[in-house]
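Colleague: Please take one part of this model and describe its surroundings closely. I should like every term to be given with its cut-offs.

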Amino acid sequence: MEAVKTVLERSKQMESALVYRDINNIPKCKVCGEPIGIAVKMSFGTKLYPRACRCRREAYERQQTLDINRQKQIRLKQIISNSMMNKNFKEFTLENWDHKLGNENLYNIAKQYISKFAQMKAENKGMLIYGEPGNGKTYFSACIANALVQKLIPVICVGAIALTERIGQSKRTWGDEGIFTVLNTLENADLIIIDDLGTEEDNKWTRAMMYQIIEKRNTVNLPVIITTNISMQELKERYDDRTYSRLSSMCSFIRNTGNDIRKIQGKEKTDKFIKELFGG
């Protein structure tokens, strides 16, 4: 907002000088070199009106974008109260990535997606990461969410179970209007990440809700990232051709073939415990 205040202060100063005679020497910004005034010929002479230079215009636009994104993030937090982004997930970052255990391909994909998110958003390019349980899909998606949130980009990162439960709770409280409220609020997110698709209760209603969420993202031309432990054939059979077709058009399907990190970490923890027990 400092840029806006500066422009207003200059405006007041220039308004006090109604007639400007030296039209060939209009003051210029010391930063970008553009004129900070514009001379307009009047019947009584020439009047100098304030004009925001390039650096001031850019500063104002940046501030406007930050303010809009902050407001979006506040609204998202109010509606999606059971987001999976709890205290533990805040530690899931690329800086904390374990390169000995984690899939390097996923690491590089996450890094590039974060750096090129403006382009990914503009082109509605999402991802569907599938593979065996425990091989780092959730960590991968949380890394992307945390990095973008740090840049004040509105992101919803939520488990499939939590998301359907939240919609169900809104329906019980407000009826169909509650469903529409949640679905419409999802539009405030530049990116939605749905973790563990296929773990939610399998019935006609939850399948319909998932389709509506995906279709809504497609309609507003905004990306979605999905992680799942089920195969693509199971996905197609469970959510029907319509949902599968939408995901195919919006997401790149990426199979994660990494090791079961949880099993490896569990074995390391057990080995350490035995060692401590027997003083080995």
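Modeller: The account below sets out the whole chain, then one lysine, and then a pair of helices.

This is a predicted model, in which local features need pLDDT of at least 70 and side-chain atom pairs count only at pLDDT 80 or more, while totals for chains, interfaces and linings use all residues. Residues are numbered from 1 along each chain as its sequence is written, and side-chain values use heavy atoms, with hydrogens and water left out.

The protein has 10 helices and 7 strands, taken as DSSP runs (H or I, at least four residues, for helices; E, at least two, for strands) and numbered from the N terminus. Of its 280 residues, 41% count as buried (under 20% relative accessible area, 1.4 Å probe, protein chains only).

Lys137 lies in helix 5, which spans residues 137-150. Lys137 is buried but forms no salt bridge (a side-chain nitrogen of Lys or Arg within 4 Å of a carboxyl oxygen of Asp or Glu). The nearest side chain of opposite charge belongs to Asp196, 6.0 Å away; Lys and Arg count as positive, Asp and Glu as negative, and His and the chain ends are not counted. The Lys137 side chain does reach the backbone oxygen of Glu132, at 2.7 Å. Beyond its neighbours within four places in sequence, Lys137 is in contact with Ile129, Tyr130, Gly131, Glu132, Thr227, Thr228, Asn229 and Asn256, contact meaning heavy atoms within 4.5 Å.

Across the protein, residues 24 or more positions apart account for 75% of the contacts with a separation of 6 or more.

Elsewhere, the axes of helix 6 (residues 160-174) and helix 8 (residues 204-219) come within 11 Å and cross at roughly 100 degrees; axes are lines fitted to C-alpha atoms over the stretch in contact, with angles from 0 to 180 degrees between N-to-C directions. Helix 6 is therefore roughly perpendicular to helix 8 (65 to 115 degrees).

Methods
Buried means under 20% relative accessible area, exposed over 50%, partly exposed in between (1.4 Å probe, protein chains only). A polar contact is a pair of N or O atoms within 3.5 Å; within protein, one must be able to donate a hydrogen and the other to accept it, and residues adjacent in sequence count only if both atoms are side-chain atoms. Angles under 35 degrees count as roughly parallel, over 145 as roughly antiparallel, 65 to 115 as roughly perpendicular and the rest as oblique.
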